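Okay, thanks for coming, everyone. Let me put the structure up, and then I'll walk you through a few side chains.

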Amino acid sequence: MAPRKRPETQKTPEVVVRPKSRRSRSPRELEPEAKKLCVKGPGSSRRFDSGCLWAGLAGLQVPPLCTSIVRALHHHKLSKAAWPSLQQGLQQSFLHSLASYRIFQKAAPFDRRATSLAWHPTHPSTLAVGSKGGDIMLWNFGIMDKPTFIKGIGAGGSVTGLKFNPLDTNQFFTSSMEGTTRLQDFKGNTLRVFTSSDTCNIWFCSLDVSARSRMVVTGDNVGHVILLNMDGRELWNLRMHKKKVTHVALNPCCDWLLATASVDQTVKIWDLRQVKGKSSCLHTLLHSHPVNAACFSPDGAQLLTTDQKSELRVYSASQWDCPPSLIPHPHRHFQHLTPIKATWHPRYNLIVVGRYPDPNFKSCTPHELRTIDVFDGSSGKMMYQLYDPESSGIISLNEFNPMGDTLASVMG
């Protein structure tokens, strides 16, 4: 039976957590839908085709667990195998486990759509979710207690960025359309205001935090990027882009390296030790469309960008001038949809991103599903797709917890 047509958006925001569980549907139950979908492999060029809508692991030729992990560990112990080979075996084992992922818990606490998502850095079952109304939910889905709910101001209070404080994990940073970047505790108390625009025409769209250098960086809707220390002292405030700064990210290994993404169709790379103005950027990465996000890989060696139409890019952090790996993928921008942002798995070279089917996309098929797509970060090949017919909306944000075994997704 072909799936029914669905509306472009859903009114009820929903947070979906997808850990490893076998208590729900098996892949066989989705087989009638899957058979209607085409499967295509990657080409030989650096540009890859993501027209596959249901990538079964049978076609991936994943080695059995005993011949990949155990043998790789044994050879590594005997110094007969390099660390990359062991990592590849572990990654293949993880991909094999995705076949057992099912929806574990749901929550729909907001009256407006969810806009941001962050996992607690030390509690693998705790996450924070922000909404367009400024509400924040702190949810430990491992216990039966109700989630902590912090009420926002409503219209105009959209939480655009959310990060736990790495120096005190009972606190978290937020940037918002209310015009502030602030530090709050779990009771909703504001501990420090880092930036305040004092006008409804300027708001903050993104933030990141570094524990090592004790810095906070935030970007606003007119192109400014502001760097502050943890005490709230402003180090500099410069207009680095012509338009809204949609994303800021510090390199996890070299936190003096900053990436900023903007709707001016550029991603810029900065050395925070040498910033003197908008002309002092190390590299400008031009894109064909506005850019939603620019995320460094966990090892800091790659940069993943998501535009507002149909392209993911993977840049090498050591060779910015080399052409990036291009991954065609439908995730077009829609005004009343939380912008789709691709992210990295915390332990493996894998990319996870929600699909927004586009009839103008070259490989679009009838009744295309709104899946969560998993790509190999090195080859750009589609490795797997997660889908549940009971949660068939457009999934804008996806984040694996620090352990890498549970996926939180935001829909609606």
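So, start at Thr-174. Leaving out residues up to four places away in sequence, Thr-174 touches Ile-136, Val-159, Gly-161, Leu-162, Thr-180, Thr-181, Arg-182, Gln-184 and Leu-207. Keep in mind that this is a predicted model.

Where does Thr-174 sit? You'll find it in strand E8. Buried or exposed? Thr-174 is buried, since its relative accessible area is 5%, and the cut-off for buried is under 20%. One name from that contact list deserves a second look: Gln-184, whose side chain makes a polar contact with the side chain of Thr-174, at 3.2 Å.

Now, on to the rings. How many aromatic pairs does the structure hold? There are 10. One of them is Phe-164 with Phe-186, an edge-to-face pair with 6.3 Å between the centres and 80° between the planes. What does this pair tie together? Phe-164 belongs to strand E7, residues 159-164, while Phe-186 is in the loop between strand E9 (180-185) and strand E10 (190-196), so the pair joins parts that lie 22 residues apart in sequence.

How accessible are these two? Phe-164 has a relative accessible area of 8%, so we call it buried. Phe-186 comes out at 27%, and therefore counts as partly exposed.

Next pair: Phe-173 and Phe-194. Why do we call this one tilted? Its planes are at 55°, with the ring centres 5.4 Å apart, and a pair counts as edge-to-face if the planes are over 60 degrees apart and as stacked if they are under 30, so 55° falls under tilted. This pair links distant parts of the chain as well: Phe-173 is in strand E8, residues 171-176, and Phe-194 is in strand E10, 21 residues apart. Both rings are on the buried list, with Phe-173 at 0% relative accessible area and Phe-194 at 7%.

Let's move to another part of the sequence. Which residues form one aromatic cluster here? Those are Phe-94, Tyr-101, Tyr-348 and Phe-400.

Last topic: arginines over rings. Which ring does Arg-273 lie over? Arg-273 is over the face of Trp-256, 3.9 Å from the ring centre. And then there's Arg-332, which lies over the face of Tyr-356, at 3.8 Å from the ring centre.

If you want one thing to go back to on the screen, try strand E8: Thr-174 is there, and Phe-173 is in that strand too. Okay, that's me done. Over to you for comments.

Key: Residues are numbered from 1 along each chain as its sequence is written. This is a predicted model: local features need pLDDT of at least 70, side-chain atom pairs count only at pLDDT 80 or more; totals for chains, interfaces and linings use all residues. Side-chain values use heavy atoms; hydrogens and water are left out. Rings of Phe, Tyr and Trp (its six-membered ring) pair if their centres lie within 6.5 Å; planes under 30 degrees apart count as stacked, over 60 as edge-to-face and the rest as tilted. Helices (H or I, at least four residues) and strands (E, at least two) are DSSP runs, numbered from the N terminus. Buried means under 20% relative accessible area, exposed over 50%, partly exposed in between (1.4 Å probe, protein chains only). A charge sits over a ring if NZ of Lys or CZ of Arg is within 6 Å of the ring centre and within 35 degrees of the ring normal. A polar contact is a pair of N or O atoms within 3.5 Å; within protein, one must be able to donate a hydrogen and the other to accept it, and residues adjacent in sequence count only if both atoms are side-chain atoms. Contact means heavy atoms within 4.5 Å.
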